[in-house]
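Visitor: Could you walk me through this model and tell me what stands behind each label?
Guide: Sure, let's take the labels one at a time.

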Amino acid sequence: MTTTAPTPADLLELFLVTAPGLEPALLAEAQAKGFADAVAIRGGVTVTGGWPEVWRANLELRGATRVLARIASFRALHLAQLDKRARRVAWGDTLRADVPVRVEASCKASRIYHAGAATQRIERAIAETLGAPISAEADICVKVRIDDDLCTISLDTSGESLHKRGHKDAVHKAPMRETLAAQLLRLSGYDGREPVVDPMCGSGTFVIEAAEIAAGLHPGRTRSFAFERFASFDPAVWERMRAAAPAIPPTQRFYGSDRDGGAIAMSRANAEKSGVADWVQFDQHAVSDLPRPDGPPGLVIVNPPYGARIGDPKALFPLYQALGRTLLARFGGWRVAVVTSDAALARATGLPFAPTPLSFTNGGLRVALHTTGALPEPVASDTSENADIPAD
């Protein structure tokens with residue numbers, strides 16, 4: 001698919017939002033996808049491009065939680081100046097007069113310090129120059145940030161958070177968001193060419209995300225976006241873009257297990273709706289009963305319960321010990337990635353993690369990704385007997 005290259009006047013600065021600590025993963029993904037001028041800053045990555053790049057970012061990027069398009073920037077030292085300069089913004093180039101909008105403003109270290117008053121001025125400018133209705137419940141959101149007297153106006157082009165892929169109905173307790181799962185897979189070295197095992201799969205997010213990556217499926221292929229109601233939207237170009245990447249069946253398989261039968265049922269339903277059911281396998285059993293799949297080694301990635309997320313961390317030590325002993329006994333040659341907020345629980349596995357885990361924020365909680373290289377092959381006594389692996 002080809003589109004007309006944007007002129008410099010048509011270029012936008014896009015801000016790809018992610019959780020603090022995960023900016024390097026999103027930067028690597030944006031660069032791999034060919035987005036121009038990608039730079040990591042706190043809370044996300046900036047890139048440049050025209051409106052087709054906005055649509056492609058929403059469609060293809062797995063690690064971004066939303067895509068903001070910056071449409072105007074100017075200095076404003078007081079509310080009257082904000083009102084005057086907001087009226088000069090070419091709102092009709094992007095927004096439609098028949099589609100309601102809402103405005104969200106924030107102020108930091110600026111002479112305009114009242115976010116509510118700033119919101120009202122921008123709302124009035126849009127309503128009186130464009131004629132678009134203003135509604136607090138509108139799906140289209142104009143984001144205004146006034147920082148050090150610089151007013152930046154952006155459009156939220158995504159709408160609902162991008163972790164909502166549009167093909168996952170069933171969720172388990174403390175679910176892993178798809179955007180986070182994709183970034184953790186990337187940070188664990190997964191590139192779509194090896195098998196993946198999740199022995200505590202919950203609703204199947206890691207396994208399904210890995211299968212989609214391997215098949216080349218776009219994460220946003222089945223959902224709608226806010227930009228579809230912008231004046232700048234071209235439905236014909238968008239449909240060609242969505243149809244440009246049919247699935248390529250992967251040669252490897254992806255495995256999830258959980259001791260909770262309800263979680264397995266959820267995972268199977270989600271895999272079916274995602275279109276990856278033919279490439280994944282979900283089984284109900286305890287961690288200590290986890291079998292090694294036939295074939296070459298790959299990645300074991302797991303988001304076990306941890307005290308801050310589920311309950312008392314002391315009660316979880318036996319589970320982490322069982323996980324570590326099972327993997328050391330049966331998964332020689334495989335790499336392991338474990339997500340937890342508690343370093344003591346990670347150490348309880350006995351796995352040879354790298355000395356410096358990757359730390360990031362997940363739902364306001366500080367969490368770390370602990371990773372290993374290829375596990376050593378077990379000695380003969382470890383492979384012939386599993387009696388020393390306690391039940392979880």
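Guide: Helices and strands here are DSSP runs, numbered from the N terminus: H or I with at least four residues for a helix, E with at least two for a strand. By that naming, Glu194 is found in the loop between α5 (178-187) and β8 (196-198). A word on the ground rules: this is a predicted model, where local features need pLDDT of at least 70 and side-chain atom pairs count only at pLDDT 80 or more, while totals for chains, interfaces and linings use all residues. Residues are numbered from 1 along each chain as its sequence is written, and side-chain values use heavy atoms, with hydrogens and water left out.

Visitor: Why is Glu194 called buried?
Guide: Buried means under 20% relative accessible area, exposed means over 50%, and partly exposed is in between (1.4 Å probe, protein chains only). Glu194 has 11%, so it counts as buried.

Visitor: What makes the link between the side chains of Glu194 and Arg335 a polar contact?
Guide: The rule asks for a pair of N or O atoms within 3.5 Å; within protein, one must be able to donate a hydrogen and the other to accept it, and residues adjacent in sequence count only if both atoms are side-chain atoms. The Glu194 and Arg335 side chains are joined at 2.8 Å, so the cut-off is met. Contact in the broader sense means heavy atoms within 4.5 Å. Leaving out residues up to four places away in sequence, Glu194 touches Gly189, Gln252, Phe254, Pro297, Gly298, Leu299 and Arg335.

Visitor: How many disulfides does the structure hold?
Guide: Zero. A pair of cysteine sulfur atoms has to be within 2.5 Å to count. For Cys141, the nearest cysteine sulfur, that of Cys151, is 14 Å away, so Cys141 is in no disulfide. Cys151 has its nearest cysteine sulfur, that of Cys107, at 8.6 Å, so Cys151 is in none either. Cys141, at 1% relative accessibility, is buried, and Cys151 is buried at 0%.

Visitor: What makes Phe227 and Trp238 an edge-to-face pair?
Guide: Rings of Phe, Tyr and Trp (its six-membered ring) pair if their centres lie within 6.5 Å; planes under 30 degrees apart are stacked, over 60 edge-to-face, and the rest tilted. Phe227 and Trp238 are 5.1 Å centre to centre with 85 degrees between the planes, so both conditions hold. Phe227 sits in the loop between α6 (205-215) and α7 (235-242), and Trp238 in helix α7, 11 residues apart. Phe227 is buried at 0% relative accessible area, and Trp238 is buried at 1%.

Visitor: Which residues do ring pairs link into a cluster?
Guide: Trp55, Phe225, Phe227, Phe233 and Trp238. A search of the whole structure finds eight aromatic pairs. One of them is Phe331 with Trp334, edge-to-face at 5.3 Å and 80 degrees, and both residues are buried.

Visitor: How do you know that the charged end of Arg56 sits over the ring of Phe35?
Guide: The test wants NZ of Lys or CZ of Arg within 6 Å of the ring centre and within 35 degrees of the ring normal. Arg56 is listed as sitting over the Phe35 ring, 3.9 Å from its centre.

Visitor: What span is expected for helix α9?
Guide: The expected span is 1.5 Å times one less than the number of residues. Helix α9 (residues 317-330) has 14 residues and reaches 20 Å from first C-alpha to last, close to the 20 Å expected. Its buried residues include Leu319, Tyr320 and Ala322.
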